[in-house]
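Take a walk through one sheet and two pockets. Keep the model in view as you read.

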Amino acid sequence: MKHKISAALAAGAASAAAAALALGAPPSAEAIPPADAAPPSGPCALRGIQDNVAESAATPAGYAPSHGTVRALTLFIDFPDAPATLTPSARFAEFFPAAADFFHASSYHRLVYRATPLLKWIRMSRPFAAYGIGRGADFDPSSDTGYHALSREIVRAVEGSVDLRAYDVVNILATPNAGPPADRTVLSVTFSGGDMGLRTAAGAPFRNATFIWSRQAGKNAFRVLNHENAHSFGLPDLYHTDGRSAAPLVGHWDPMDEDWGPSNDFLGWHKWKLGWLAAGQVHCAPPRGTPAEHTLTPISTPGGTKIVVIPTGAHTALVAEARVRGPLDPTVCRPGILLYRVATDVPSGHGPLRIVDATPHSGGCFTADKYVDRELTDATFRPGATYADRRSGAAVTVLAENRDGTYRIRVTPARA
């Protein structure tokens, strides 16, 4: 879940620094020089929404960097009516080093996540309910409740111990016994991208802040933090955020939809947007071009061409990538070519990205985990299959699965 804040609105203690080295990103992890990757550019780098998280290829200023070394401060809060029942180190270990390792692997080592914890519980002045924290709670500087009131206390508590200017993101881990359990209401939220109207006495801004509540269900529960931090990197929610009961639009193909249960990797469009792909790993098929063949290396394998982008309008595209079972994709039960539609002018939580299901109403092929929505698990297209977008004329034919695990496809660009 993510909230956007408009423009209107020193390192920790020695023990914390030592813990960060022990529990943060892998000691041997090194960021690949940014020159090896490339920000989205060219005719397939579609423009779109710029005042909030969105699928626009370029992420506007104000968000946290998403490649190279990302510095994350981790703070811990509890409440008078919900005192912590575990140590800050134990709460920290629920997320690290796993969340850092996930980013490191998914980014092909282009993101090294350094998590620094301030290992003490910060006691809030009022009971949990007094802050009015619920799903959709805002960050209103004029209110004595909500996230601004909560954050104001946090900032005051760490002044003199932490220099917020030294960090790209701030993670606030609440004691798990504060608020409802995650299987009843998911409260975790991120405020990113703009001035949040809150600064330290020294003038350091409090921004790109993630609040994690309760505990997520299923395996790899740490990934709620990867989901939330990805909002600070500029990614939108891919699930319906209006509370409707509807079939998933993306399901377990990206953590920005289902971030619970078994692991699942980021989609190739997101890896491009986040700066994790080199220019040559993205092929563009602009309108009115001629059909051409492309060889795709699966998302789970470093190197090779990762996506083919086929623009179908000023703000829309059809994207093709190969997905097979891998360390971050253990639920892939039907390897093949995954197709999805991207709309860069559609707001977060309203369907900015939708999987094209090759086998609609099949019931899916992965049934081993109740936390994975089944229907889209067999959405991939296998060799011999063709998908054509009737409105634009764009089409993708899966020609072959090669012996080396790559896939050969033929792409027909849109008519106009």
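Begin with an open sheet of 4 strands, ordered β8-β15-β14-β13, with antiparallel pairing. Its edges are β8 (292-296) and β13 (386-388), each of which pairs on one side only. From one strand to the next, the twist averages 20°. Strands here are DSSP runs of E, at least two residues long, numbered from the N terminus. Two strands pair if DSSP finds at least two bridges between them. The angles run from 0 to 180 degrees between N-to-C directions, with axes as lines fitted to C-alpha atoms.

The model is predicted: local features need pLDDT of at least 70, side-chain atom pairs count only at pLDDT 80 or more, and totals for chains, interfaces and linings use all residues. Residues are numbered from 1 along each chain as its sequence is written, and side-chain values use heavy atoms, without hydrogens and water.

Now look at one edge. β13 and β14 (residues 395-401) are antiparallel and share 3 bridges. Thr-386 has Thr-397 in β14 as its bridge partner.

Turn to the pockets. A pocket is an open set of points on a 1 Å grid over the protein atoms alone, where a 1.4 Å probe fits, with protein on both sides within 12 Å along at least five of seven lines; lining residues have an atom within 4 Å of a point. The largest has a volume of about 600 Å³, the space filled by probe spheres set on the points. It is lined by 26 residues, with Arg-135, Val-186, Tyr-239, Asp-257 and Trp-260 nearest its centre.

The second largest pocket holds about 250 Å³. Its lining has 15 residues, and Thr-312, Thr-316, Arg-341, Asp-389 and Arg-391 are closest to its centre. β10 (316-323), β11 (336-343) and β12 (353-356) each supply at least two lining residues.
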